[in-house]
Amino acid sequence: MPPRTNASSSTADRDIKRHFDKIPAVLSGPHKAGPRMKCKWCGDEASENVTLYQRPHILRCAVYKLEKEKKVIVNNQPSIRNAFKPLDDPKDLFAMAVYTSTANFSLFETPEWKAFFTKIGFKPPNRNQLAGPLLIQTYEKLKPQVLEIATAANHIQIVSDALNTINKKKVENVSFLINNISYY
Ligand SMILES: [Zn+2]
């Protein structure tokens with residue numbers, strides 16, 4: 001049997017390495033360390049050794065798998081497909097933009113905004129729709145995605161904060177961080 005050439009295995013190594021950011025070695029000081037590789041998908045770090053660490057990691061990296069199989073997941077889950085309108089529905093996109101920018105739900109009900117929406121021929125959802133069905137729909141859609149990320153993480157930071165609203169209502173919010181990305 002001919003000896004295995006390096007060409008094929010090094011190509012495969014490159015395929016593996018493209019999923020990682022290289023962290024240079026720290027050559028001196030108290031935190032001296034060899035070169036490390038950080039997974040672009042989940043942020044997991046390990047010493048640079050494709051065979052020993054990076055290859056096995058990418059095979060089990062849940063975040064990478066999730067990204068790769070997102071289409072498959074959506075197509076195979078009738079509950080998700082049937083429960084939600086397609087993502088390119090302008091109303092869904094509008095609602096998502098409102099939630100992620102923490103805009104006031106009635107912000108877009110001023111005469112100027114109304115004039116603008118009339119001009120472009122878009123009827124934005126009103127604040128009742130934003131606070132009700134659209135919020136529930138967006139929550140239900142995002143929840144499984146966030147759960148997948150949380151399940152895949154090595155560690156999670158819990159962040160909690162409390163405040164009083166204008167009406168003196170006490171509100172406590174809890175969010176969590178994975179690799180410095182906040183989910184709330
Ligand atoms: Zn990973």
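Biologist: In this predicted model, is Y139 buried or exposed?
Modeller: Count the C-beta neighbours of Y139 inside 10 Å: there are 11. A residue with 12 or fewer such neighbours is classed as exposed. Y139 is therefore exposed.

Biologist: Which helix holds Y139?
Modeller: Look for the element that covers position 139. Residues 133–152 form one helix, and Y139 falls in that stretch. The helix is α8.

Biologist: Where does α8 bend?
Modeller: Start with the span of α8. Its 20 residues reach 30 Å from first C-alpha to last, close to the 28 Å expected at 1.5 Å a residue. Still, α8 has a bend of about 30 degrees, with the proline P144 following within four residues. The bend is at L142.

Biologist: How far is the C-alpha atom of Y139 from that of M96?
Modeller: Along the chain, Y139 and M96 are 43 residues apart. In space, their C-alpha atoms are separated by 9.9 Å.

Biologist: Which strands stand at the edges of the open sheet of three strands?
Modeller: The order in this sheet is β1-β2-β3, with antiparallel pairing. Each edge strand has a single partner, so one side of it is left without a neighbour in the sheet. The edge strands are β1 (20–23) and β3 (45–47).

Biologist: Which residue of β2 stands opposite D21?
Modeller: Strands β1 and β2 (residues 36–39) pair in the antiparallel sense. Four bridges join β1 and β2. Opposite D21, in β2, stands K38.

Biologist: Which helix packs on that sheet?
Modeller: The helix spans residues 50–60 and touches β1, β2 and β3. Its direction makes about 150 degrees with that of β3. The helix is α2.

Biologist: Which residue takes a positive phi in the hairpin of β4 and β5?
Modeller: Strands β4 (residues 157–164) and β5 run antiparallel, joined by eight bridges. D161 stands opposite N173 in β5. Five residues lie between the two strands, and one of them has phi near 65 degrees. That residue is K168.

Biologist: How many residues of β5 are buried?
Modeller: Strand β5 covers residues 170–178, nine residues in total. It is hardly covered. Its count of buried residues is zero.

Biologist: What percentage of the residues in the protein chain is buried?
Modeller: The chain has eight helices and six strands. It counts 184 residues. Of these, the buried share is 10%.

Definitions and conventions
Residues are numbered from 1 along each chain as its sequence is written. This is a predicted model: local features need pLDDT of at least 70, side-chain atom pairs count only at pLDDT 80 or more; totals for chains, interfaces and linings use all residues. A residue is buried if 20 or more other C-beta atoms lie within 10 Å of its own, exposed if 12 or fewer, and partly exposed in between; C-beta atoms are placed from the backbone. Two strands pair if DSSP finds at least two bridges between them. Two residues are in contact if their C-beta atoms, placed from the backbone, lie within 7 Å. Axes are lines fitted to C-alpha atoms, for helices over the stretch in contact, and angles run from 0 to 180 degrees between N-to-C directions. The expected span of a helix is 1.5 Å times one less than its number of residues. The bend at a residue is the angle between axes fitted to the seven residues ending there and the seven starting there.
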